[in-house]
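Me: I've got a new structure open and could use a hand finding my way around. Can we go through it bit by bit?

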Number of protein chains: 2
Amino acid sequence: MKAEAQALKGHLDVLLLAALEQGPRHGYAVKEALREGSGGRFDLPTGTVYPALHRLEAAGLITGSWSVADGRRRRSYALTPAGRRRLSSDRDGWRAFAGAVTALLEGPSSWPATT
Amino acid sequence: MKAEAQALKGHLDVLLLAALEQGPRHGYAVKEALREGSGGRFDLPTGTVYPALHRLEAAGLITGSWSVADGRRRRSYALTPAGRRRLSSDRDGWRAFAGAVTALLEGPSSWPATT
DNA sequence: ACTCCATAGGTAGGAAACCTACTTATGGCG
DNA sequence: CGCCATAAGTAGGTTTCCTACCTATGGAGT
């Protein structure tokens, strides 16, 4: 499958946090939510998603808990208060970043003269 | 100096190519154009900019040539045809990427239900 | 005269992020 | 019985970017 798995480049964390904003999900569900929510564009390998979730948990931004459903063990993640604050500031950061890049890419007048 | 030097993460190349779109610049001028054009947001260290330009040159996307101005040696870079093509496709890539991320961050309805 | 800063180019080494490839395990469908 | 989707993970490598250095010139300030 994997439509365009290549490059979230540092913006994965904010997407993972956003995936948990409306409520907890287990790891695999986070991965699927990202794939479905992006129309297949962000179809990440498990080798990207699971380590990233561990990173966020180690950073105290999400908390994980084990459960069992249909005989399969699941680790459900939920945002911590720090995670919500991080999500909020990362959203602001994304707007600023995306705005700056878009301005430079779409508006040639953003650049100083070549002389 | 260096306002928020941290994270262009993979989007640096397209910005460097865009900096050369209107005409050639030397390395230091590319760095300054990026800083000024972004309102100080993308104030990259030379240890980021120069290796990136070397990378783009090695990839055949830009060509460099030495010159001397005011007793200082300069390496001027210009887009190659391949560089222009890459800039064009990277612009499309950026639009798609930024659009997808923004949709997921700003529109909670983009996400599948948490249940 | 001397020092400092902006300009101009560069490298070495490390940290972080992401991907590839692999492993383990269960439940259901053909 | 085999295969696929679900579910979780690790190991190792590549790339990208940053920190911290080095060299050199010209001009401004003291």
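Me: Let's start in the middle of things. Which residue stands opposite B:Ser65 in S3(B)?

Reply: That's B:Ser76. Before we go on: this is a predicted model, where local features need pLDDT of at least 70 and side-chain atom pairs count only at pLDDT 80 or more, while totals for chains, interfaces and linings use all residues. Residues are numbered from 1 along each chain as its sequence is written, chains are lettered from A and ligands numbered from 1 in the order in which they are written, and side-chain values use heavy atoms, with hydrogens and water left out.

Me: OK. Which strand does S2(B) pair with there, and through how many bridges?

Reply: S2(B) is joined by 8 bridges to strand S3 of chain B, residues 72–79, and the two run antiparallel. Strands here are DSSP runs (E, at least two residues), helices are runs of H or I with at least four, and both are numbered from the N terminus. Two strands pair if DSSP finds at least two bridges between them.

Me: Any other partners along those two strands?

Reply: Sure, B:Trp66 faces B:Arg75 of S3(B), and B:Ser67 faces B:Arg74. The hairpin of S2(B) and S3(B) has 2 residues between the strands, and B:Asp70 takes a positive phi near 60° in it.

Me: What's the strand order of the whole sheet in chain B?

Reply: S1-S3-S2, an open sheet of 3 strands with antiparallel pairing. Strands S1 (25–26) and S2 (62–69) of chain B stand at the edges with a single partner strand each, so one side of each has no neighbour in the sheet.

Me: And how many bridges join S1(B) to S3(B)?

Reply: There are 2 bridges, and those strands run antiparallel too. B:His26 has B:Ser76 as its bridge partner in S3(B).

Me: Which helix lies across S2 and S3 of chain B?

Reply: Helix H3 of chain B, residues 46–58, running at about 125° to S2(B). For that angle, axes are lines fitted to C-alpha atoms, for helices over the stretch in contact, and angles run from 0 to 180 degrees between N-to-C directions. Contact means heavy atoms within 4.5 Å.

Me: Switching chains. What does the sheet in chain A look like?

Reply: In chain A, 3 strands form an open sheet in the order S1-S3-S2, with antiparallel pairing. S1 and S2 (62–69) of chain A are the edge strands, each pairing on one side only. Between S2(A) and S3 of chain A (residues 72–79) there are 8 bridges, and A:Ile62 stands opposite A:Leu79.

Me: What rotation superposes chain A on chain B?

Reply: A rotation of 180° with 0.0 Å of shift along its axis, giving an RMSD of 0.1 Å. The two copies are thus related as by a two-fold rotation axis. The fit is by least squares on the C-alpha atoms of residues with pLDDT of at least 70 in both copies.

Me: Which residue of chain A comes closest to that axis?

Reply: A:Lys9, with its C-alpha at 2.6 Å. The same surface serves both copies, as 100% of the contact residues of chain A recur in chain B.

Me: How many residues are in contact between the chains?

Reply: 38 residues of chain A are in contact with 38 of chain B. The area buried between them is about 3,500 Å², with carbon and sulfur atoms giving 67%. Buried area is the accessible area (1.4 Å probe) that two parts lose on being put together, summed over both. A:Trp94, A:Leu105 and A:Trp111 supply 21% of what chain A buries against chain B, more than any other three residues.

Me: How many salt bridges cross the interface?

Reply: The rule finds 2 between chain A and chain B, a salt bridge being a side-chain nitrogen of Lys or Arg within 4 Å of a carboxyl oxygen of Asp or Glu. A:Arg95 forms one with B:Glu106, the closest N and O atoms being 2.8 Å apart. H4(A) gives the most to the side of chain A that touches chain B, with 12 residues.
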